[in-house]
Structure formats: structure tokens, C-alpha cells
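These are my notebook entries on a single structure, written down in the order in which I looked things up. I began with charged pairs, then turned to the metal site and to a few buried side chains.

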Amino acid sequence: MKNNKLWLASLFWVPVLAQAQPQDKPNIIIIFADDLGYGDLSCYAHPTIYTPNLDQMAHEGMRFTQFYNAACVCTPSRAGLLTGRLPIRSGMAGSESSGNVIYPGSTGGLPLSEITIAEALKDVDYQTAIIGKWHLGHLPQYLPLNQGFDYFFGIPYSNDMAPPLYKNAPELPLFENENVIESGPDQHLLTKRYTEKAINFIEKNSDQPFFLYYASNFPHTPLFASNDFSGKSKRGLYGDVVEELDWSVGEVLKTVKKLGLSEKTLVIFTSDNGPWLLRGENGGSAGLLRDGKGSTCEGGFRVPAIAWWPGTIKSDQTSADIISTMDLFPTIVKLAAASLPEDRIIDGKDISPVLFGEKIEMDNKVVFYYFKNEIYAIRKGPWKAHFITKPSYSKIPPEVHTPPLLYNIEHDPSEKYDVSENYPDIIKDIIDLKEKHEAGITLVESQLDKGGR
Ligand code: MG
């Protein structure tokens, strides 16, 4: 302490800080958009998409500017989120011969030996539900009720995985728990129905800890908005869909507030990967980031993210810490006083101090940008080295870079200026890191190789 005044002030600060500590077993809500890009919300500077509820959520909480997924496509990204582990460890990463994700003809799924956030929270008596998209295996043994969820309402994979795009697939199945309750549900109503189910679940469990994983099927294409939102956005149909999702988030938060659960509930909003640029005007925007879904450039992995927990997370915070969806598993386990599995590698780190506004050392944090089972790029602190690049969804073969391209992505988030010539030591450090990491990976059978499309 520099002087007595400050020391005196610290005496008064202690009880305030103590009060800000989280309550026992907070409710956890993760809202996971599908293919929403870094630049698609008004609070991330989109000029014509209007997202007042997410903006308000950010205003009341913390907005992240360097928040990453475990992968740049749906299935591995979701596996990483729910297990806290790089998808390559669970066999959910794909291989040279497999597709990128699980398809209606696939017969694999997230192995039951994996431990999901829902399973970890079941151990400490949470009620758990997934509303929306699963995409971690749709054969009966892989459905959410076998992975720690008490309730499932939604679609087992992407909302385009039906005829005419997938000729041999059945009509899109809408599940409730283990049963298909509708084939080919009207997708215009999906966001409204998901919202209703999410609200019901929160209301029903208002007197006990719960985990709600609300994984919207949107704004993945094909795009559908209800009548209330259709034709309203200046951004066209894509904007309509994002604005309806924003409304849905608002309804969830309104319910939490109405039930007096705000100070007991951590809500996290983010997206599973970057925008699907291949879809043209029906795909989103990664803002100033390069490329989108399917790419190991920033636009594929870095997404908007907001955390909200009144009384614990201070309002109007922006964090530029390097954070991954894989960090949510250990963070949530910590907050819920559950236990972390000790018999496996968990890649995520507890980031609860960031939520509490405490400074922790994260400047050298590492991000692995896998494409299927291969490392294309590694970020360490501000430096990102690209060993392999390939434009997303293109027929152009991957290009190997020796030495790797190097960007300072805190100076150059658009990955425009290769500075590899100037920093041989940093390149060497990242190459060493890659070798060490790869030596620690045990290859397991890829679940994405099983079955057809
Ligand atoms: Mg996706």
C-alpha cells in the first residue's frame, strides 16, 4: 500500500468484495447460436442488424473480444464446449477420409466415456436440459439423455440435413427426449418453440440449481423467421433471423429476472463457429476478421461472446482475454463445486477470476486451430503462426507454409501482414510448442468416419 488512505480504503473494500463472491451452485445457461459471426450483433458493430437484448446483456455484463471455439465447424465445436477437451481427444475431430461433421447417415457420436458439463453437474444435483441442436450423434445411444441431460427438445443435427439437400435423409426430426415427435417441423416457428421450452424449463426449476444448454439452430441456413420478424430487418432475412434470436435471448433473461434468479444465474451467449460465407447474403459476417466457418483464420474460430451475472460480473465490462469455449467446462465445474475428472486431459482452464474482474495471467495463452485432426495454426499470446492454410469450403488444396506465416493478431486482427521474417525466435517457440503438443495427443478412432453422409 502506498499510503494510509489507500490502506484504509482497502478495509472497506474487503466486505464489498466478499459480497461479490458467487452464491453456492449458480444456475448456468449457455445460449449457443449456430454460425453467428463475430460481426453480426449491434454490440459488435454490425451496422444494420438490431440486437437490443444482447446489447443490453453486454451492457449489464461482460463482452469478450478474443473468445474462441474448439473448432470451426459444428460437431467438433460442440464436443469441445461440452467436454472442455480438444475434439481430437474424443474422436470428434474428423480425419482425412471423413467429412467435417456428423451427417444424417453417420453412425458415430460423442463417446459415452466422455464427461459433459451436464454429467459433471448431475453429480451435484443440477437439473439439466438441452433445447435445440445437438449434433453429437443421433443414434439412440448417443442422444442427450445418455450424456447427462434430463430433458431434450430439438433437432439432433443441422437444420439443413434433410431433403432436398440430403436426398437420402429423413425429414428433419424434432425430438422430445428420446422420441421423434414431428418430422419436418415448420422451421418458421422453431425459435418461438425453443424459447417457450427454455422458459418452461427455467420456471419449473426455479427452486433448484439448473443447467440449460439452449443451442439454437440459427442463423445456420436455411433461414427461417416467424411472422413477427419476417421482413423487418434492414439486413434482410439473415437479419430477421438474428433479430428473432436476440428476442429469444431477451425472453430468457426476462424470465430469469422475473423469477428473482438474476444474482444466482450465469448466462453465457456465444456461437459455435464463424459465419458460413459460402451462403452469400444468407451467411453472416466475421466483421474485421478474416474468412469464416470452416477456416482456421480468425473468422472461423473467433465469435461474439457475452457473460451475464448481475452482482458477480460487473456491468459494462469488455474483456480482451484469450478465452475458449473449452474453458467453460472447468469454470462451471468450479462455480458449481462439482469435480473435474482426473483421469483425462482437460484442455480448458478455469476462467472464473476473469468473470469476477480479477486479473490473472493469460497473456501467453495458447489456441490450437485444428482442421479435422491436423493443426493448421497456433496462437500464443498475440502471435499466431499458420502452418497450413486453406480457404474455407474451397476446392483449392491446403497450402503448407515452411516456415509458418506469422501474424501479430492483436495488432493485425485481419491477418493481413505476415511478419515471419522479423521474428524467428517466436516461430521457433511456436514450432516447439506444436511438437510438444502433438507428442501428447493419443490418436483415437474418429467418430466422424463412421457411416455415410
Ligand atoms: Mg455451426
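Which side chain meets that of Asp-150 in a salt bridge? I looked this up in what is a predicted model, and found that the partner is Lys-122, with 2.8 Å from N to O. The two residues are 28 apart and link distant parts of the chain, Asp-150 sitting in the loop between strand S4 (127-133) and strand S5 (151-155) and Lys-122 in helix H5. I noted Asp-150 as partly exposed, because its relative accessible area is 33%, and Lys-122 as partly exposed too, at 27%.

**Entry: other charged pairs**

I then searched the whole structure and obtained 24 salt bridges. One that I followed up joins the side chains of Glu-114 and Arg-85, again with an N to O distance of 2.8 Å. Glu-114 belongs to the loop between helix H4 (87-90) and helix H5 (117-122), while Arg-85 belongs to the loop between H3 and H4, so this pair ties together parts of the chain that lie 29 residues apart in sequence. I checked the accessibility of each partner: Glu-114 is buried with a relative accessible area of 5%, and Arg-85 is buried with 8%.

Next I looked at Lys-192, which forms a salt bridge with Asp-228, their closest N and O atoms being 2.9 Å apart. Since Lys-192 is in helix H6 (residues 190-204) and Asp-228 is in the loop between strand S8 (210-215) and H7, the pair ties together parts 36 residues apart in sequence. Lys-192 counts as partly exposed at 26% relative accessibility, and Asp-228 likewise counts as partly exposed at 48%.

I also recorded a network of salt bridges that links Asp-34, Arg-78, Lys-133 and Asp-272.

**Entry: the magnesium ion**

Which protein atoms act as donors to the magnesium ion? I listed Asp-34 (OD), Asp-35 (OD), Cys-74 (SG), Asp-272 (OD), entered twice, and Asn-273 (OD1), at 2.1 to 2.7 Å from the ion. Along the chain, these donors follow the spacing D-D-x38-C-x197-D-N. Within this set, Asp-35 lies in the loop between strand S1 (27-33) and helix H2 (52-60) and Cys-74 in helix H3 (residues 74-83), so the two tie together parts that are 39 residues apart in sequence.

I next asked why the arrangement of the six donor atoms is irregular. The angles that they subtend around the magnesium ion run from 51 to 156 degrees, whereas an octahedral site would need opposite donors over 155 degrees apart and all others between 65 and 115, so the 51 degrees falls outside those limits. I noted as well that Asp-35 counts as buried at 1% relative accessibility, and that Cys-74 is buried with a relative accessible area of 2%.

**Entry: Asp-240**

I turned to Asp-240, which lies in helix H7 (residues 236-258). What is the nearest side chain of opposite charge to Asp-240? I found Lys-232, 8.1 Å away, and Asp-240 is therefore buried yet without a salt bridge, given the 4 Å cut-off. The side chain of Asp-240 does reach the backbone nitrogen of Ser-233, at 2.7 Å. Leaving aside neighbours within four places in sequence, I listed its contacts as Ala-225, Phe-229, Ser-230, Gly-231, Lys-232 and Ser-233.

**Entry: Tyr-194 and Val-267**

Tyr-194 lies in helix H6, and at 1% relative accessibility I count this residue as buried. The side chains of Tyr-194 and Asn-217 are joined by a polar contact of 2.6 Å. Beyond four places in sequence, the contacts of Tyr-194 include Ile-131, Gly-132, Phe-153 and Tyr-214. I also noted that Tyr-194 and Ile-130, 64 residues apart in sequence, are 9.9 Å apart in space from C-alpha to C-alpha.

Is Val-267, in strand S9 (residues 265-271), buried or exposed? I found a relative accessibility of 0%, so Val-267 counts as buried. Not counting residues up to four places away in sequence, Val-267 touches Ile-29, Ile-31, Met-57, Leu-253, Ile-306, Ala-307 and Trp-308. Lastly, I recorded a separation of 21 Å between the C-alpha atoms of Val-267 and Lys-359, which are 92 residues apart along the chain.

Definitions and conventions: Residues are numbered from 1 along each chain as its sequence is written. This is a predicted model: local features need pLDDT of at least 70, side-chain atom pairs count only at pLDDT 80 or more; totals for chains, interfaces and linings use all residues. Side-chain values use heavy atoms; hydrogens and water are left out. Donors are N, O and S atoms within 2.8 Å of the metal (3.2 Å for Na, K and Ca); water is not among the atoms, so sites may look incomplete. Four donors count as tetrahedral if all angles lie between 85 and 135 degrees; four count as square planar and six as octahedral if opposite donors are over 155 degrees apart and all others between 65 and 115; anything else is irregular. Helices (H or I, at least four residues) and strands (E, at least two) are DSSP runs, numbered from the N terminus. Buried means under 20% relative accessible area, exposed over 50%, partly exposed in between (1.4 Å probe, protein chains only). Lys and Arg count as positive and Asp and Glu as negative; His and the chain ends are not counted. A polar contact is a pair of N or O atoms within 3.5 Å; within protein, one must be able to donate a hydrogen and the other to accept it, and residues adjacent in sequence count only if both atoms are side-chain atoms. Contact means heavy atoms within 4.5 Å.
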